[in-house]
Each structure stands twice: as structure tokens, then as C-alpha cells.
Amino acid sequence: MTVTTTTEPGAPPRVPVVPVPATAERRPPRPRRRRSVLPYVLIAPTVIVLTVVLGYPVVRLIVQSGQEYGMAQVFGTPARWIGFDNFRHLFEDRYFWTVLRRTTVFCFVNVVLTMSLGVLVALLLNSLGSKMRLLVSTSLILAWAMPALTATVVWQWIFDSEYGLANWVFDRQGESWLADPMSFFGVATIIVVWMGIPFIAFTVYAGLSQVPADLLEAASLDGAGAVARFRYIVVPMLKPILMILTALSTLWDFRVFTQIYVLQQAGGISRDTNLLGVYTYQLSIGQSDYGAGAAAALLMIVLMCILTLGYLRSMFKQDHI
Amino acid sequence: MKPRRIVLNLTGLLVAAIALFPVYWMVLTSFRRGIDIQSPDPSFIPFPGTLNNYRKVFERDFFWTATKNSLIVTSLTVSVALIVAFLAAVAISRFRFRGRTALLVTVLVVQMVPAEALIVSMFRVLDGWQLINTVIGLSLTYLVFVLPFTIWTLRGFVEGVPFELEEAAMVDGASRIGAFRRVTLPLVAPGLVATGVFALIQAWNEFIFALVIMQRPGSKTLPVWLQEFNEGARGTDWGGVMAGSTVMAIPVIVFFLIVQRRVTAGLAAGAVKG
Amino acid sequence: MNRTRTTRWIAAIAAAGMLIAACGDDDEESSTATDAPEATDATDAPAATDAVTDTTAADTGGGGDSIRLWLNGGDTPDALVEYAIAEFNKIHPDVEVQFERQEWTGIVEKLTTALSGSDSPDIVEFGNTQAQTFEAAGAVVDLTDKRDALGGDDLLQSLLEAGTYDGKLYAVPYYAGARIVLYRKDLFEAAGIEVPTTLDEFLAAGVALKEANADVPNFSGIYLPGRNWYAVLSFIWENGGDIASKDGDEWVGELDSAGSIAGLEFFKELFDTANSAPADGDDANDYIAFCNGEVGMMPAPGWKPGQIINPDDGCPDMEENIGVFALPGATAGTTAPVFLGGSNLAIPVNSEKQELAYDLLTILVSPGYQEQFAASGTIPALKSELAQVAGSDAAVAQAQAAENSRFVPTSDKWAGVEAANILPDMLTEIAQGGDIAAAAAAADSAIEEMLNG
């Protein structure tokens, strides 16, 4: 069965006690032998796989963004070089900016909700007894294991205007949840957050198990409350994981696709509810304008770099480069 | 029970209920006739129900072939991704070397590429290598899409293990590799599982690449096979879809339950031995 | 202890992966032998479990030649495919036909990759609104020379339009489906209503039915959810409107023309007075509403009665109460134009067996095949076989409706208009009380931008 929790009193010390200054910035990894080939050997498989498999598609994406590339080009018609026209069209299109703004807001709200709720669930997992913890974590894994398409469809049923449970509970037959953009994004947020929490919760929980129990105990003996312990011990220790998770959630929520797409088919007004992920898809697959799709994809990448700039910068700082 | 415990347990139950409700609804629907799936008077119990949807799932052509394909692709993806990513994560968090930051940034940027924009190009690459309709081809595709994420998360876990711990073990006379295995690996194990489960779910449920790469009927994976219940304009056999989805979720749960026990046990051992 | 446990665990997963993979590879190499019996088509109709069994996934490298036939969805019955293969084998006894049924979901992605790759099928089916995109791209073989042999002027006009690009025939009409109106005979009788003979009578009957059944919650005299744009097209066309028209090389949006606006106003009145279906719904759930007794009449595809009375998922008891008629026009004795859905068949340019594929294609559009298609209740691609449509009232009404049928603008960019949901979005806005002229004008400019872009 499951054993040990960090909160269990009298648990044997999980790791040797080390003097980690609670509030100090984590020290950068110290250089090992300067000219070692070992790190290169270790990263070789990654570099090879990424370069060999993804190299060509990514280069093509970049090239396509400068071309007039449609269905005819897929079937061998030579592509015409049009420079930055694909980008210019996007920039000049006011609708693109609307979609962009909408996407940024949606992404921000969803990341904040997913992260804060996910961390709370992780803390809950950490302080539950073993049986309850197994129950909650199994529920989470069940939610997580549900295929995205199936989960979205079930949620859409819940908010269906004819036979939806939501309308049944509130006794509002025929109330349309998806036709209005605001409530559309409300429903979308529920689905995205619901699907996003398990991963965050599990990862943070796994991270929590790395926090030395005796450190918390010592702090507790020194009179630090739960909030203070969380703020000054747990957060600094989990900082690398929390930052990665925030960055990853930002990337995923920024290009959210399935949930929006399914809800649009079920009644959302596409023009008022398009986010960048769906819009890019409409351009590339829907209208077979792969050039414009590639340009939109590249713009998305640049935007995501900007969104995660804080994260990138702290990474560089940490590395002293 | 202390009041604190009661509050915690109640919160736990609430979280479990919210997480489970859509799952429960999926299972419930899998026992319904098509006409009863959406109804003005919803019922919350599966009775009176039908097993017909499950019969359709198991009797439908290629179910077992698709299951086999999915199992192979997923286990290949997960095992290779974990090994490759773990090596890279160790290199990144334990060494400073030229090109380290470049690698980090590349890996992060790869995360940002919208997969929808790469479908046709990926197909072209695999077609050139004669890997269309092969599990190797699909596994390679999944590998590049889960690798960056796996590396990033594992890097966080490896860094979460204070380097001083390893140093302390080395002072105690352990070799570097010995210290690493005895101290770092057990502490990273939960991270390996969390990322492993993530990679597993990604690979197990992925649809669009599987659709274009595995085109022959005998090479379909489960998510693509599941779409056979969707007849486009003719509507969708939701009972079949939900029964199929339920069946599909079982291996994931089983895997999680096995791993979950193992890892907590391993953790405990690690803690005791220190 | 701990270290070995973790490493062992990872090693075990890896080993398991390799092992299964190894098995998998074995299977794949020997697939010709072992998979052959189970390599039947993945049939869509839940009832039809005994599928075509005489097709195998044999490797092309083997003794005889083989060609691959892709058909989509469940519209082609297995028996017909068997017939076609048998006919084909009379000419080419050594050639094996591999029949692979495809799903409509994701079909564009699949066709885009498959047709441009090295493992191309030899005959494919396009939905008639998708065909233009692939024709314009040069993805399929020019069949103009063979036009007469494939049916010529006997082919259904609007499907022929979908299959023709720049004056050349690329995709041969295969079958069609038209929308008809389903009604409840018992409710008509109870309310003393006759089958409507004009469009105005249709609306009046809907209103009367709704009043007569006011005690049934959520009852629709005419069930018409806001996003069922195929049905609304009939109102637009009957009033002289259209989606767009071609002026020289430019497409001009016609939704804000007087005729279209009149059609949209008719839709709005119908939606408000005779209907209870939601503004943001489509026709995916209409059979449920019908089975629940919430529907007096509803526009629906010809196969809809079959879905309603399906013993597995529908309400077979309803069968005796289902009546059908073709949507009437403005004056008695006419029918309103309906959207003709359907499919076209084509031979990919990357097919390595184009000659063989052509022979099979000829069979699929031959009178012998199309006659059986008609007999199964589908509208055949050959006008001369329309009279053969039998089997049910629905099939007959469908054939009657198909005689006055129309199509969406014939443009390789049309698929983009559908992908962007422009028409359903416009209707949802109107159904929710939005200004009709403004919504139509906005849709017009969106459509123009896409078709001319």
C-alpha cells in the first residue's frame, strides 16, 4: 500500500539533513569537469531524434510562410515566393488582432486557474491519508485518461441547450450556453481547467515529495505557520517545477484546439469565439492556405516566446550566460 | 477524527467528485441506447441499461488489431522518451557545457510549434523513409512531441534534488555514479512516473497524426478506430464511442495503479535507506 | 535496493516495449498470411456485422496485382461493394480489390496526405463540397475523355458541377442525397391538418401543430434548430435568393439580395412561431427529439426515417406514424429547391494502377450498379435510374425533391467557407434576434473574402 507522507509525524528522515537556506535563490549547478564529453553523450539521443525527425518539417514551415502555398503546391505545383506577404496579410487583418487579444486573455485566465487549483489539489493530496489520497489520485487519473475528444463531448452535453444537465439542474430549458461568447468561454474554461488540473496536481505532488520533511518540521518547531512554511520553504524548493509547469501550461493553453473546435461545432459562433489554435487550423486545413497557416504558426511561436519571456530570462540568469 | 482531517477528507471527496463526474457520465452513457443518451429527464443510474454498446466495440472489425497497435506505439514512445529525456535532463541540470542554453531554448521552442501546422510535412518525412503505416513511424512522431516536455519536467525534478546531497554521498565515499544512483534516482522516480504517465496518455489518445500516418485499416490505433462510430452527417453512435472510450481508459488506469504503488514503495525505501 | 528498483522498473517498461514492438513487426511482415481473413472492411452500419470478406490486405508485391478502393461512411452497402468487385473480377480475375472504408471525420487531412504520398489509394470518394479543392490542386486524374463512357449527360447535373473544374471532369458523380420533410401522421390527423402543398401552408401547418400540442413540453411544429443551414437554403432559393453568384472572375455575395432576405425572414418567422429547437443546435439530435414526441415536422435527409426506427438506438414503434413529403414550393404542385448532398469518385494522380482503377470506376457508375444503389433507397448518380429509387416513401420523396436541387457555389475555396462556419453562425445570430440584413451582409463579405481570396 502507499506509505509515508511528508506530514506524517515521526517519519524517518527521508534525506540527509542539509543546510538549505530557506529563502535563498537556488544555486546554479556547479560545473563539473569543464571539458567533459559526458554531457554531449547524454544529450546526443535527444539532439539526433529532434534534428532528424523534426528538422525538415520545421524548415518547411519557415519556408512555407514566405510562399503562396495551397493545396496545388501540396500536389507538386511549384510554390511562388511572396516574401512577407503572408505575415503582412495577417498584420493588416484587424480580425487577427482580435483573435490574438482574445487568445491572450483566455490563456492568462486559464493558466492562473489551472495552476492555482492544481497546486491546491497537490497540497491536498499531500496532506490526505493514504486511502483518501489513493481515491483522489485515481479520480484525477481517470479524468486525465479520458480522451480529450470524449471529455469535451461529455462536457458539451452537460451544457447542451436542449438536453443539458446544467439546464436541467437550473430548470432553464433551452438556455443556450454556447451562443453567447462570454458563456462560451466560461464553458471552455471549465473544460480546459478540468482537463489541465490532474497533470499539474500530480507533478506538483511529486515535487512536494522532494521537500525534506525535517526541514518543514524544523520550521514548524520554530513557529512557522502552514502558510509561512509554504511560502518560505515549499515554494522556493518547488520553484523550478512551478516555473516549468506555468510555462508549459501557457504554451498549451495558448494553442488550445480540441475544446474550442468541438464547442464551435456544437453551437458557438466561430467568428466570435475563434482562438489562434482554431484560426490557424481554419487557415491551413480548412482553407488549404498552408502559407498563411505557417505564417500564423510562426507568429504564435514568437508570441509564446514573448509570453514566456520572464521564464526564459530567469533561466538565462540562472545559467549566468 | 480531528476537525482538520474531516475538512480535508471532505475536500478530497469534493475534488474526486468533480474529477469523476464526466468520467461517470461517460460510463453511464456507454450503457445507454442511442435514443436515451440525451433526454429531457436525465437519469443518474445505468439501469435499465444495455451491454449492446460493448458488444459493438468488441465485435467491430480491427478492435484487437487497433489495441495491439496502440499498445506497441505507446510503450515504445514512453520507454524511449523516458530514457532519452532522462539522460538529457541529467546533462542539463548537472553539467555546464557549450550549447546547453541553445539546447534548452530549442527544446522549449519545439513545445510551441502547433502540431496542426506540421501534419503534411511530417507525413512527407515519414513517407520518404517508408515509415507510413508502421508503428515505428508513429512512435517517432510521438517521441519528438513528448520529448521536449519530458526533458523540461525531468530537468525540474533532477534540479530539485540538491546537488549537495550527491556531494555529501561522495564525501561518504560513494563514486559519482553510485551517489547519483543511490541519492538522485530515487528522488527523481516520482518525476519519472509523472512524466511517464503524461507521455503515456498523450501517445495513447493522440488522434490526428495517427489518422494520417496509419492509413491502412490494419494499422489504425484505437483513437482513430474509435472514430468509426462517428458517421459524419449521419450522426454519431455515441453509445459506441463512450463504450470504446471506457474500454480505452482501462489500460491507463491499470498502468497508473501499478506504477503508483511501486513508486511510493520505492520512495519509502529510498527514504529509509537514505 | 531503491536504486535497482527504479532502474529495473524502467528497464522493464523498455523491454516490454521492445518486445511488443518486435511481435508487432513480425505480424506486419507476415500480415499477408495472418491478417488476410480479418482484413474486412470496417463497416459503419452497426447492424451490418457480416462485412465483405472477400477482400484482403495482401501485399502488392505478391503474385497478382491489387488495387485499393476507398469509400467513405456508411452510405454504400456492403452488398453493392461485393457486386462491384465480382463484376471487376470478371474482367480482371487476377487483380484483387482491397476495399477500405474511410471515416468522414478528418477525411480532408487524410486525403491531403494520402493522395500526395507514395501509398495512394486507387479510387477515392469526395464529399461533393470537398471535391473542388482536390480537383483544382491537380490531385486527381482528368477524366474528360472518358466522360461519355462514365455516364455523360445522364449524370446528375449538380454533382457533375461539383466534379468539374475549369471545364474538365475530374470526379465522377457517385450518389446523392436530398432533404425531405418528415411528419407525424398521427398528429396531423389529430389536429385535422393535411399535408401542405405550398411553403406558406407548410409554415401554417407548423404553427397549428405547435398550438395543438402545447401541452407537450418543448414541442416543435417544425423542428428547425438554428444551425441547420441546409434546410434554410431551400427557403432562400425558393424566394429567388442564393449564397453567391459569379460576376466574371469575382464571386459576389447574394445573401443580402432581396430574395435571400425574404428567405431568411421566412426562416426567422418559422423559427419563432413553429419551432422550439435551440438557436445554437444543429440536426445531430433531431431523431431524439422526434422519438421523444417533440416534433410535428422536420426537414431531414432521406435516410433519417431509418435512423429513427433503428431498433438499437431509435424508436421502432414510431414507424407507423412517420410520413414524408418533398418540401413544397411557393405554388401548389411545385417543390422547393433542395440542397443536393452527395459524393464524387476520382482516381488519384499518384495511383500506380490508373488503368485498373478506371475499369473499377466504370463499374461503380454503371447502370447495373447504380440501379441497385437506387433500389437501396439512395439517389443514384444517373438520372435514368432515378425512377428506380424505391424501397420506401422516403426514397420516393427524396427522388422527387432531387429533381429540383441546387448546390453551393462551385469554387475550390468553398470548403474554407464551410470550415469557418459562416452560414450556421449567421443563422444562429438571426435566430437569436439579430438584425437579418446586417447578419446577411456580414456573411456576404466574409464569403466574398474567402472565395475571391
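## Two residues with positive phi

B:Gln130 counts as exposed because just 12 C-beta neighbours fall inside 10 Å, and a residue is exposed at 12 or fewer. Keep in mind as you look around that this is a predicted model. B:Gln130 also has a positive phi of about 60°, although it is not a glycine. You will find B:Gln130 in the loop of chain B between α5 (119–128) and α6 (135–160).

Chain C has a residue to set beside it. C:Asn421, not a glycine either, has a positive phi of about 55°. Is C:Asn421 buried or exposed? With 23 C-beta neighbours inside 10 Å, C:Asn421 counts as buried, since the threshold for that is 20 or more. Its place is the loop between α16 (414–419) and α17 (422–431) of chain C.

## The nonpolar core

The largest nonpolar core has 332 residues. Those with the most contacts inside this core include A:Ala201, B:Ala85 and C:Leu360. If you would like to zoom in on one of them, try B:Ala85: beyond its neighbours within four places in sequence, B:Ala85 is in contact with B:Leu147, B:Thr150, B:Ile151 and B:Leu154.

## Where chain B meets chain A

The contact between these chains takes 91 residues from chain A and 84 from chain B. On the chain B side, the elements giving two or more residues include α1 (3–29), α3 (63–94), α5, α6 and α8 (176–205). Which element gives the largest share of that side? The answer is α11(B), with 15 residues.

By class, the side of chain B that touches chain A has 61 nonpolar, 18 polar and five charged residues.

Terms used. Residues numbered from 1 in each chain as written. Chains lettered and ligands numbered in written order. Predicted model: local features only at pLDDT ≥ 70, side-chain atom pairs only at ≥ 80, totals over all residues. Core = buried A, V, L, I, M, F, W, Y, C linked by C-beta atoms within 7 Å. Contact = placed C-beta atoms within 7 Å. Helix = DSSP H or I, 4+ residues; strand = E, 2+ residues; numbered from the N terminus. Nonpolar A, V, L, I, M, F, W, Y, C, P; charged D, E, K, R; others polar.
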